[in-house]
Amino acid sequence: MSPFEILFQVGSAFFGVITLAVLFQVPRKYLLFAGITGAGGWFAELIMMELTESPVLASFSAAFFVAVLSQVLARIRKAPVTVYLVTGILPLVPGVGMYRMVYYLLQENNEYASYYFSYTLQVAGMIALAIFVVDSFFRVFYRKRK
């Protein structure tokens, strides 16, 4: 993948996340960092896909990065974690897999439908697991610190 293509995709993720944040009525003072969180997550996904060629592992790693960045930004900027997490995770959501699963179900091609169902479930599960692990770590760490 060329550097221009990576830059274009990361920039698109940045503006896409900002657009979603505006639709979710995120306050203006958080928009820039919400965009950075989403763009950083997408960049992490692209890098991990190049290194591992596993979409499941790449999704876990990128979601882990987004969750950590959301927790850190929330504490630095004194904002709710969900402001950054919900908007920042948007580029990682396996929407294409869900679309293809339904498409092949309607075409009555059960083999492809089950493949995309499994793929979507794995990617979504890894995203949820990464968020859970990071959130649990931050809860334990900050409880012990107090």
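**Notebook: Tyr104 and the helices around H2**

I began with Tyr104: leaving aside its neighbours within four places in sequence, I find it in contact with Asn109, Tyr112, Ala113 and Tyr116. A reminder to myself: this is a predicted model. Tyr104 has its place in helix H5, residues 95-106.

Is Tyr104 buried or exposed? I looked up a relative accessible area of 21%, and buried means under 20%, so Tyr104 counts as partly exposed. I also checked the separation of Tyr104 from Gly35: the two are 69 residues apart along the chain, and their C-alpha atoms are separated by 33 Å.

Gly35 took me to helix H2. I noted that H2 has 25 residues and covers residues 28-52. From its first C-alpha to its last it reaches 37 Å, close to the 36 Å expected at 1.5 Å a residue. Just after H2, I saw that Glu53 takes a positive phi of about 60 degrees.

Next I listed the buried residues of H2. Gly35 is one of them, and the others are Tyr30, Leu31, Ala34, Thr37, Gly38, Ala39, Gly40, Gly41, Ala44, Glu45 and Leu46. What covers them? I found that the cover includes helix H1 (3-23), helix H3 (55-77) and H4.

I then turned to the packing of H2 with H4. Two packed helices are described by the angle between their axes and the distance between the axes. For H2 and H4 (residues 81-88), I have an angle of about 45 degrees and axes 8 Å apart. The two helices are therefore oblique to each other, and their crossing is right-handed. On the H2 side, the contact is made by Tyr30, Phe33, Ala34, Thr37 and Gly38; on the H4 side, by Val83, Tyr84, Thr87 and Gly88. I sorted the residues of this contact by class and got five nonpolar, four polar and no charged. Tyr30, Ala34, Thr37 and Gly38 also stand in my list of buried H2 residues.

My last entry is on H1 and H4. How do the axes of H1 and H4 cross? They come within 9 Å and cross at roughly 125 degrees, which makes H1 oblique to H4. I noted a right-handed crossing here. Val17, Leu20 and Ala21 of H1 make the contact with Val86, Thr87 and Gly88 of H4. By class, I have four nonpolar, two polar and no charged residues in the contact of H1 with H4. Thr87 and Gly88 of H4 appear in the contact with H2 and again in the contact with H1.

Definitions and conventions
Residues are numbered from 1 along each chain as its sequence is written. This is a predicted model: local features need pLDDT of at least 70, side-chain atom pairs count only at pLDDT 80 or more; totals for chains, interfaces and linings use all residues. Side-chain values use heavy atoms; hydrogens and water are left out. Axes are lines fitted to C-alpha atoms, for helices over the stretch in contact, and angles run from 0 to 180 degrees between N-to-C directions. Helices (H or I, at least four residues) and strands (E, at least two) are DSSP runs, numbered from the N terminus. Angles under 35 degrees count as roughly parallel, over 145 as roughly antiparallel, 65 to 115 as roughly perpendicular and the rest as oblique. A crossing is left-handed if the near helix is turned anticlockwise from the far one by less than a right angle, and right-handed if clockwise. Contact means heavy atoms within 4.5 Å. Ala, Val, Leu, Ile, Met, Phe, Trp, Tyr, Cys and Pro count as nonpolar, Asp, Glu, Lys and Arg as charged, and the others, Gly among them, as polar. The expected span of a helix is 1.5 Å times one less than its number of residues. Buried means under 20% relative accessible area, exposed over 50%, partly exposed in between (1.4 Å probe, protein chains only).
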